[in-house]
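I opened this structure to look up how its interior is packed and how its strands are paired. My entries follow in the order in which I checked things.

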Amino acid sequence: IVFAGRSNVGKSSMLNRLFNRKNLARVSSMPGKTITINFFKVENDVRIVDLPGYGYAKVAKGEKRRWAEMMEGYFQSPRNIKLVVQLVDMRHKPSEDDYIMMRFLQDAGLPFIVAATKSDKLNKTQYNERKNALREELAEFGDNITILPFSSEKGEGAEELKKIIEGVL
Ligand code: GTP
Ligand code: MG
């Protein structure tokens, strides 16, 4: 199970919430901190892959190249990827980098769902607005794509996401 998303979107927080371990993945206040691919074994045959975040503006060119090379290296080898959980910030339209990532997943034929993070930061009106808007913003990935509001803070979506993951294993 692979977790992808831009820097600071809440990947490490999600992993800590889902797998119920404090500091399994380091939560950073400094975006761009997770610059390696982290693998966690959660069951005998199940590996969680925390991809390094992308799209952090202040990252130097050399770092960006390193990120791209790491991704190529990762996806070029046979991986037996059961599911990619693509994180986007629920508050905003997906970034250009998010679209590049999702189009790559789509073109590579990798099964993916979208988790819309930080849902707790929206009030009810904004929440409903963004939920509907995301459906349209992600229309190119098909009407059937799963879009799951998620909050590491409040736990929204955690049980559902666990079920989805169990379902593909
Ligand atoms: P990098 O490893 O730097 O790429 O970031 P990341 O995607 O792992 O994000 P991380 O989990 O470190 O979270 C970044 C910041 O967002 C931290 O300050 C978190 O506390 C906060 N955050 C993450 N998820 C949520 C959420 O669901 N709700 C709220 N309110 N804050 C969140
Ligand atoms: Mg992280």
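**Notebook: cores and strands**

I began with the largest nonpolar core of this predicted model, and I found that it has 29 residues, among which Leu 51, Tyr 74, Phe 75, Val 84 and Phe 112 touch the most other members. I then listed the elements that give two or more residues to this core, and they are the strands S1 (2-5), S4 (84-89) and S5 (112-117) together with the helices H2 (61-76), H3 (96-107) and H4 (124-137). I also noted a second, separate core of 19 residues, which includes Ile 1, Leu 15, Phe 19 and Leu 83. For background I reminded myself that nonpolar side chains tend to be buried together in soluble globular proteins.

Next I picked out Phe 75 and asked which residues it touches, not counting those up to four places away in sequence. The list I got was Leu 51, Ile 81, Met 101, Phe 104 and Leu 110.

I turned to strand S3 and wondered how many of its residues are buried. In residues 46-50, which make up S3, 4 of the 5 are buried, so I wrote that this strand is largely enclosed by the rest of the structure.

Then I looked up the partners of S3. Strand S1 runs parallel to S3 and is joined to it by 2 bridges, and I saw that Phe 3 has Asp 50 in S3 as its bridge partner. Strand S2 (residues 38-43) runs antiparallel to S3, with 5 bridges between the two, and here Lys 41 stands opposite Arg 47 of S3. Finally I recorded that S2 and S3 form a hairpin, with 2 residues between them.

Definitions and conventions: Residues numbered from 1 in each chain as written. Chains lettered and ligands numbered in written order. Predicted model: local features only at pLDDT ≥ 70, side-chain atom pairs only at ≥ 80, totals over all residues. Heavy atoms only, no water. Core = buried A, V, L, I, M, F, W, Y, C linked by side-chain atoms within 4.5 Å. Buried < 20%, exposed > 50% of the residue type's maximum accessible area, 1.4 Å probe, protein only. Contact = heavy atoms within 4.5 Å. Pairing = 2+ DSSP bridges.
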